[in-house]
Amino acid sequence: MSETTPRRLSYVARILLVPLGKSGDDMVEQMARAGLTDVDVVTAHSPTEAAVRDINAETTTVRRIDELVTESDMVILIGSVLPQVPIGFATTMAEAARESGNLLAGVLIDQQDWDSPQGAEAMAVLRMELDMLVSITQVSLATAFVDVLKGGYRTPGAYAPALSTPRI
């Protein structure tokens, strides 16, 4: 007699988007308008807490940073204008993500002012703290990139079928 064990064919990663200043906020809003779903976004922060919401929701909740990253699979810092990067907060997020074993990525869209003193410092910190740093020219490419990292677009109610493998 054999038993079957269902296996998942797909995976949906829990993504936490962290805008890096006003340019990051603008990028996240464009990504939401483009149809990105099922990711959480940091909307405000202090040294130990952050307000977070679903990318398509208005309501925020305040959570401890270590709790936020523990409940995520991947933390993605996103922005454009490098002097706007809150370096202390980016470092705090990186440390918390490392402690939780999360993948930590950065997405810079049409990066600007990287050659200014503040921009150069921000770039140096991001390169040192992140597991992956991607430079993209358009928000639409960043939207597709984040969508792929989370596991792809899902229509409501659509699930991959379970495979059955005989157990010996």
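Accessible areas here come from the Shrake-Rupley method with a 1.4 Å probe. On that basis, the surface of the chain amounts to about 9,400 Å². Carbon and sulfur atoms hold 54% of this area. The model is a predicted one.

## Overall build

The chain has 168 residues, and 40% of them count as buried. It contains 5 helices and 9 strands. Their order along the sequence is β-β-α-β-β-β-α-β-α-β-α-β-α-β. The pattern thus opens with two strands and ends on a strand.

Contacts reach far along the sequence. Among those with a separation of 6 or more, 73% join residues 24 or more positions apart.

## Salt bridges

Side chains of opposite charge can pair when their charged atoms come close. In this chain the count of salt bridges is 10. The table lists three of them, including two that involve K150.

| Salt bridge | Closest N to O distance |
|---|---|
| D38 with K150 | 4.0 Å |
| K150 with D147 | 3.3 Å |
| R63 with E71 | 2.7 Å |

### Around K150

Which parts of the chain does the D38 and K150 salt bridge link? D38 forms this salt bridge with K150 at 4.0 Å. D38 sits in the loop between α1 (21-33) and β3 (39-45). K150 belongs to helix α5, residues 139-150. The two partners are 112 residues apart, so the pair links distant parts of the chain.

Are the two partners buried or exposed? D38 counts as partly exposed, with 46% relative accessibility. K150 is buried, at 2%. The cut-off for buried is under 20% relative accessible area.

K150 also pairs with D147, with 3.3 Å between the closest N and O atoms. This salt bridge lies within helix α5. K150 and D147 are 3 residues apart there, which means a separation of about one helical turn. D147 has a relative accessible area of 18% and is therefore buried.

### The R63 to E71 group

A separate set of residues is joined by shared partners. R63, R64, D66, E67 and E71 form one network of salt bridges. Within that set, the side chains of R63 and E71 meet at 2.7 Å, N to O. How accessible are these two residues? R63 has a relative accessible area of 22%, so it counts as partly exposed. E71 is partly exposed as well, with 40%.

Notes. Residues are numbered from 1 along each chain as its sequence is written. This is a predicted model: local features need pLDDT of at least 70, side-chain atom pairs count only at pLDDT 80 or more; totals for chains, interfaces and linings use all residues. Side-chain values use heavy atoms; hydrogens and water are left out. Helices (H or I, at least four residues) and strands (E, at least two) are DSSP runs, numbered from the N terminus. Buried means under 20% relative accessible area, exposed over 50%, partly exposed in between (1.4 Å probe, protein chains only). Contact means heavy atoms within 4.5 Å.
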